[in-house]
Number of protein chains: 4
Amino acid sequence: MQPQLQPTEAIQQLSDADLENWYEYPVRVQPHHTDYAGVVWHGTYIAWMEEARVECLRSLGIEFADLVAIGCDLPVVELSIRYHRPIRLGMEAIVKARMTAMNGVRLNWEYQIQSLDGTESYVTAQVTLVAVDQEKGRIMRQLPAAMEDALKRLTGQFDAS
Amino acid sequence: MQPQLQPTEAIQQLSDADLENWYEYPVRVQPHHTDYAGVVWHGTYIAWMEEARVECLRSLGIEFADLVAIGCDLPVVELSIRYHRPIRLGMEAIVKARMTAMNGVRLNWEYQIQSLDGTESYVTAQVTLVAVDQEKGRIMRQLPAAMEDALKRLTGQFDAS
Amino acid sequence: MQPQLQPTEAIQQLSDADLENWYEYPVRVQPHHTDYAGVVWHGTYIAWMEEARVECLRSLGIEFADLVAIGCDLPVVELSIRYHRPIRLGMEAIVKARMTAMNGVRLNWEYQIQSLDGTESYVTAQVTLVAVDQEKGRIMRQLPAAMEDALKRLTGQFDAS
Amino acid sequence: MQPQLQPTEAIQQLSDADLENWYEYPVRVQPHHTDYAGVVWHGTYIAWMEEARVECLRSLGIEFADLVAIGCDLPVVELSIRYHRPIRLGMEAIVKARMTAMNGVRLNWEYQIQSLDGTESYVTAQVTLVAVDQEKGRIMRQLPAAMEDALKRLTGQFDAS
């Protein structure tokens with residue numbers, strides 16, 4: 001009997017599932033993305049990560065503009081980013097995004113910005129969002145139902161059922 | 001009797017008043033303003049001109065955020081800009097702004113972006129704004145009264161009284 | 001014999017060719033493109049038009065980053081833009097770009113930013129670029145040969161040969 | 001004789017000195033800083049923090065553009081930021097910046113973005129920079145001498161001498 005194998009397998013499976021959960025958003029370095037050094041200005045990545053996140057949500061059926069229209073905003077409350085290598089004017093890259101955790105109305109996202117062939121890592125980052133009721137100016141008690149369902153599919157929380 | 005002289009004088013006086021009406025907004029080229037060429041990216045000037053305009057209005061007692069709060073927006077409907085010389089990282093410049101005409105709810109502004117000593121001209125531009133009722137999504141029939149009064153002082157339209 | 005008909009036809013054909021020469025660059029309004037009014041900030045279009053121009057050149061075999069690498073920059077020297085209708089968060093649009101004239105090293109471009117179905121016009125604009133020798137800091141006497149050839153194809157100047 | 005008191009005092013003094021070492025950079029929320037929610041877009045703070053850092057260095061006699069001119073760049077290699085409260089259109093804030101450590105060519109900075117009266121905290125952040133030799137594309141072995149001297153004064157490392 002090897003009970004310890006079971007959790008190991010479980011973790012492995014989760015990890016595999018996670019690996020497939022990366023949403024990939026391609027970008028190309030345009031002149032306005034660069035600074036005096038000829039590489040992407042460090043703040044530009046924040047915009048790219050936001051675009052990737054919005055497009056990832058759209059791929060799940062969550063239209064960000066619709067959320068805003070019903071009074072639910074998703075501001076970034078925490079962000080940490082490491083810059084490994086610069087990306088030069090004209091180069092292409094892939095912004096890989098995935099949601100790694102959903103704690104109530106608090107959503108954690110992870111990012112890897114890589115070369116097209118995946119051999120070079122330019123940037124890694126984590127971003128935390130919180131759902132806010134725009135009218136009340138307060139953190140929501142729970143996510144809008146349709147959104148929560150879609151996100152649960154994303155994190156595989158329905159797999160066990 | 002030389003009635004034709006009077007308008008000539010009036011025009012001259014208006015012109016002198018106009019020259020003194022430049023609002024001066026100093027800027028410094030920061031890294032995020034630049035592009036790969038080490039100079040200010042051509043879209044950055046749009047932001048600087050907006051800042052100069054908002055600060056000019058504030059100097060007249062018109063707080064832009066208050067206008068927005070009462071449902072009056074002032075979107076740019078037309079903009080033309082000529083780039084004469086680039087400005088490099090670290091350099092300072094003066095954004096000179098003035099309102100040149102007010103036709104109902106349509107406001108024309110003129111810009112000159114120059115070196116501190118005024119000997120070099122980097123950019124010249126014209127911008128037209130229109131007052132919009134945000135709720136109705138329509139051009140307003142007239143400016144909010146307090147705003148109109150303040151702007152009339154700016155264009156010297158009260159000089160004749 | 002009606003010799004005058006021939007040029008008329010030629011012009012018509014050129015005009016038709018031009019109409020087909022629009023390069024179409026799709027965009028989607030992301031949160032970072034918007035301002036307090038919930039619509040695209042007026043400076044954002046400058047970035048979109050630059051992206052469309054760079055991608056149009058790429059479609060002709062002109063890689064902008066390569067131009068810069070050989071010391072040829074293409075700064076904007078003139079830009080005029082009219083804002084017809086705002087574009088809201090989440091909406092899609094097409095940035096249509098085409099080069100309308102090449103006078104030596106001076107390139108004129110025209111833009112129309114429209115709804116996907118072409119029924120709504122959001123923005124129209126003209127942009128003039130000039131080729132600059134980055135090292136000398138001076139306007140070039142002629143375009144790099146490969147670039148000139150590619151652009152001549154774009155404007156149909158080889159059609160007559 | 002109480003030798004242990006001396007380091008305690010030294011630490012206290014350093015701490016006091018540090019508190020006074022905040023460089024204060026005032027900002028005002030302009031329309032282009034905001035997003036659809038009427039508050040500062042989360043990427044805008046990155047630009048403000050860069051401006052505050054560059055101006056802090058200038059106050060020490062280190063002109064960032066001069067560093068770049070001699071081939072020394074100072075890219076951000078790590079950044080973490082927490083968003084506590086939004087800042088609305090038209091509001092003013094103070095970006096407080098200070099260098100907290102210098103490990104060879106690695107510089108750690110800390111930020112607090114606050115209301116003018118210091119009672120509200122909007123953002124806190126840490127940023128790490130590394131000096132890079134632009135020509136070689138490699139991390140420098142040591143900072144340019146004049147820069148190192150100026151920064152040592154900043155961190156109070158000369159206090160002991």
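**How the chains meet and how their elements are described**

Q: What makes it possible to say through which surface the copies, chain B and chain C, meet?
A: In this predicted model, 100% of the interface residues of chain B are also interface residues in chain C, so the copies meet through the same surface.

Q: How do you know how chain B and chain C are related in space?
A: A turn of 180° with 0.0 Å of shift along the axis superposes chain B on chain C, and the RMSD is 0.0 Å. Within chain B, the C-alpha atom nearest that axis belongs to B:Ser80, at 2.0 Å from it.

Q: What makes residues of chain B and chain C count as being in contact, and how many are there?
A: The C-beta atoms of two residues, placed from the backbone, must lie within 7 Å. By this test, 18 residues of chain B are in contact with 18 residues of chain C. On the chain B side, the elements that give two or more residues are helix H2 (44-59) and strand E3 (76-83). The largest share, 8 residues, comes from E3(B). By class, this side of chain B holds 11 nonpolar, 4 polar and 3 charged residues.

Q: Why are E3(B) and strand E3 of chain C called paired strands?
A: Pairing requires at least two bridges between the strands. E3(B) and strand E3 (residues 76-83) of chain C are joined by 5 bridges, so they pair, and they run antiparallel. In this pairing, B:Glu78 stands opposite C:Arg82 in E3(C).

Q: How do you know whether the length of H2(B) agrees with its number of residues?
A: At 1.5 Å a residue, the 16 residues of H2(B) should span 22 Å. The end C-alpha atoms of H2(B) are 23 Å apart, which agrees.

Q: What makes a residue of H2(B) buried, and how many of its residues are so?
A: A residue is buried if 20 or more other C-beta atoms lie within 10 Å of its own. In H2(B), 12 of the 16 residues are buried, so this helix is largely enclosed by the rest of the structure. Among them are B:Tyr45, B:Trp48, B:Met49 and B:Leu57. The charged residues B:Glu50 and B:Arg53 are also buried. Just after H2(B), B:Gly61 takes a positive phi of about 90°.

Q: How do you know what kind of axis relates chain D and chain B?
A: Chain D can be laid on chain B by a turn of 180° and a shift of 0.0 Å along the axis, with an RMSD of 0.0 Å. The two copies are therefore related as by a two-fold rotation axis. The same surface serves both, as 100% of the contact residues of chain D recur in chain B.

Q: Which elements make up the side of chain D that touches chain B?
A: This contact takes 13 residues from chain D and 13 residues from chain B. Helix H2 (44-59) and helix H3 (64-69) of chain D are the elements that give two or more residues to the chain D side. H2(D) gives the largest share, 4 residues. The side of chain D divides into 7 nonpolar, 3 polar and 3 charged residues.

Q: Why are E2 and E8 of chain C said to stand at the edges of their sheet?
A: The open sheet has 3 strands in the order E2-E7-E8 (chain C), with antiparallel pairing. Strand E2 (72-73) and strand E8 (138-139) each have a single partner strand, so one side of each is left without a neighbour in the sheet. Two strands pair if there are at least two bridges between them, and 2 bridges join E2(C) to strand E7 (residues 132-133) of chain C. In E7(C), C:Val132 is the bridge partner of C:Asp73.

Terms used: Residues numbered from 1 in each chain as written. Chains lettered and ligands numbered in written order. Predicted model: local features only at pLDDT ≥ 70, side-chain atom pairs only at ≥ 80, totals over all residues. Least-squares fit on C-alpha atoms with pLDDT ≥ 70 in both. Expected span 1.5 Å × (residues − 1).
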